[in-house]
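Thanks for coming. Let me put the model on the screen, and then we go through it sheet by sheet.

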Amino acid sequence: MLKKFSDRIYYYEGEESTDRPYLYYIRGDRQSAVIDAGNSRRHVESFYAALTEMGLPLPDYTVITHWHWDHTFGLPYVQGKTVASALTNQKLRQVMGWVWTPEAMDAREKTGEDIAFCNRCIRIEYENLQEITVCPAQEEVEDRRTIDLGGVHLELFAADSTHSRDSLYIHIPEEKVLAVGDATCEDDYENGGKYDVERLRKMIARFEPLNFSFFLLGHCPPEDREGMLAYLREQLITKGM
C-alpha cells in the first residue's frame with residue numbers, strides 16, 4: 001500500500017513473507033526518484049500500479065542502497081536511470097554469475113556466500129527460479145553525487161555500514177530525511193548477524209552531523225532520528241562491553 005509521508009515523499013510498504021523492502025518515492029518539481037528497486041518484476045509492477053493509481057509519474061531515477069537481492073532484483077524492470085555505489089555494482093556483477101537452482105543455492109548457503117533467510121524468501125517470491133535476472137545499475141557513485149529533482153535534492157554518499165560494506169546513503173535536506181536502506185541493521189554475511197562495534201561507532205559518527213529528522217528504513221516505516229540514534233548508541237554500549 002502506498003502511503004504519504006510528506007508532500008514530496010511517499011512510501012510503499014514492504015512484505016515480511018517475501019522480504020520485500022519498503023520503496024520510497026520522491027517527487028520533485030521536474031523529476032522523480034525511487035529509493036531501491038524491489039525484489040522482483042512483480043514487486044516493481046505492483047509498486048508502479050500504486051503510483052499510477054495515485055496519479056504519480058513513474059520515476060526518472062531509481063537509487064539503490066545496497067546489493068542484497070530484495071533491494072536489487074527488480075532492477076531490470078524499473079523505469080528511468082538506475083544509480084548505485086561502485087561497490088554495489090561490483091557485487092551485482094558477481095551475483096550475475098550465480099546459478100539459480102535449489103542445489104546451487106544450497107551450496108552458496110553452505111559456503112556462506114549467501115544466507116538461509118535470503119534463500120527461503122527467494123523461493124517464495126520466485127516460484128520459477130529461472131525468472132531471476134540480475135543486472136548492475138547504469139550509473140555508479142564512487143564517493144558523492146547530488147541529483148536535482150527540482151525543488152528537492154538527493155545528496156548521495158557511499159560509505160560502510162553495519163549491514164553491508166557497499167551502502168549508499170541518500171540525504172534529502174529539504175525534507176529533512178536520510179534514506180539508509182538496511183544500513184542500521186546487523187551484518188548477516190560478514191559478522192554472523194551481529195553488530196561490529198567499530199563499524200557501528202563510525203556509522204553513528206557519520207549520522208550525527210547531518211541535518212535530518214527522520215530515517216527512511218528498508219524494512220520498517222520511517223523512524224525519528226533521535227529514537228533510532230538512541231537505539232544505535234544503546235547497541236554500541238551493549239555490544240562494546
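How many residues does the hairpin use to join strand 3 to strand 4? Four residues. Hold that thought while I set the ground rules.

This is a predicted model: local features need pLDDT of at least 70, side-chain atom pairs count only at pLDDT 80 or more, and totals for chains, interfaces and linings use all residues. Residues are numbered from 1 along each chain as its sequence is written, and side-chain values use heavy atoms, with hydrogens and water left out. Helices (H or I, at least four residues) and strands (E, at least two) are DSSP runs, numbered from the N terminus.

Now the sheet that holds the hairpin. Seven strands form this open sheet, in the order 1-2-3-4-5-6-7, with mixed pairing. Pairing takes at least two DSSP bridges between two strands. Strand 1 (2-4) and strand 7 (139-141) are the edges, and each pairs on one side only. Neighbouring strands here are turned by 25 degrees against each other on average, direction ignored. Axes are lines fitted to C-alpha atoms, for helices over the stretch in contact, and angles run from 0 to 180 degrees between N-to-C directions.

Walk along it. Strand 1 and strand 2 (residues 9-12) run antiparallel, joined by three bridges. K4 has Y10 of strand 2 as its bridge partner. Next, strand 2 pairs with strand 3 in the antiparallel sense over four bridges. There, I9 is matched with I26 of strand 3. Strand 3 and strand 4 (residues 32-35) are antiparallel too, over four bridges. I26 turns up again, this time with A33 of strand 4 as bridge partner.

Why is strand 3 (residues 23-27) called largely enclosed by the rest of the structure? Because four of its five residues are buried. Buried means under 20% relative accessible area, exposed over 50%, partly exposed in between, with a 1.4 Å probe and protein chains only.

One helix on this side. Helix 3 (residues 86-95) lies across strand 6 (81-85) and strand 7, at about 100 degrees to strand 6. Contact, here and below, means heavy atoms within 4.5 Å.

Second sheet. It is open, with six strands in the order 8-9-10-11-12-13 and mixed pairing. Its edge strands are strand 8 (144-148) and strand 13 (223-224), each pairing on one side only. Strand 10 (residues 168-172) meets strand 11 in the antiparallel sense, over three bridges. I170 has A179 of strand 11 as bridge partner. Helix 6 lies across strand 9 (153-158), strand 10, strand 11 and strand 12 (214-217), at about 20 degrees to strand 10.

Look at V180 in strand 11. Its relative accessible area is 1%, so V180 is buried. Beyond residues up to four places away in sequence, V180 touches T65, Y169, F207, F215, L216 and L217.

Last stop, D182. It sits in the loop between strand 11 (177-181) and helix 6 (197-207). D182 is buried yet has no salt bridge (a Lys or Arg side-chain nitrogen within 4 Å of an Asp or Glu carboxyl oxygen). The nearest side chain of opposite charge, R199, is 12 Å away. On charges, Lys and Arg count as positive, Asp and Glu as negative; His and the chain ends are not counted.

What does the D182 side chain make a polar contact with? The side chain of H66, at 3.4 Å. A polar contact is a pair of N or O atoms within 3.5 Å; within protein, one must be able to donate a hydrogen and the other to accept it, and residues adjacent in sequence count only if both atoms are side-chain atoms. Leaving aside neighbours within four places in sequence, D182 is in contact with H66, D70, H71, H163, G218 and H219.
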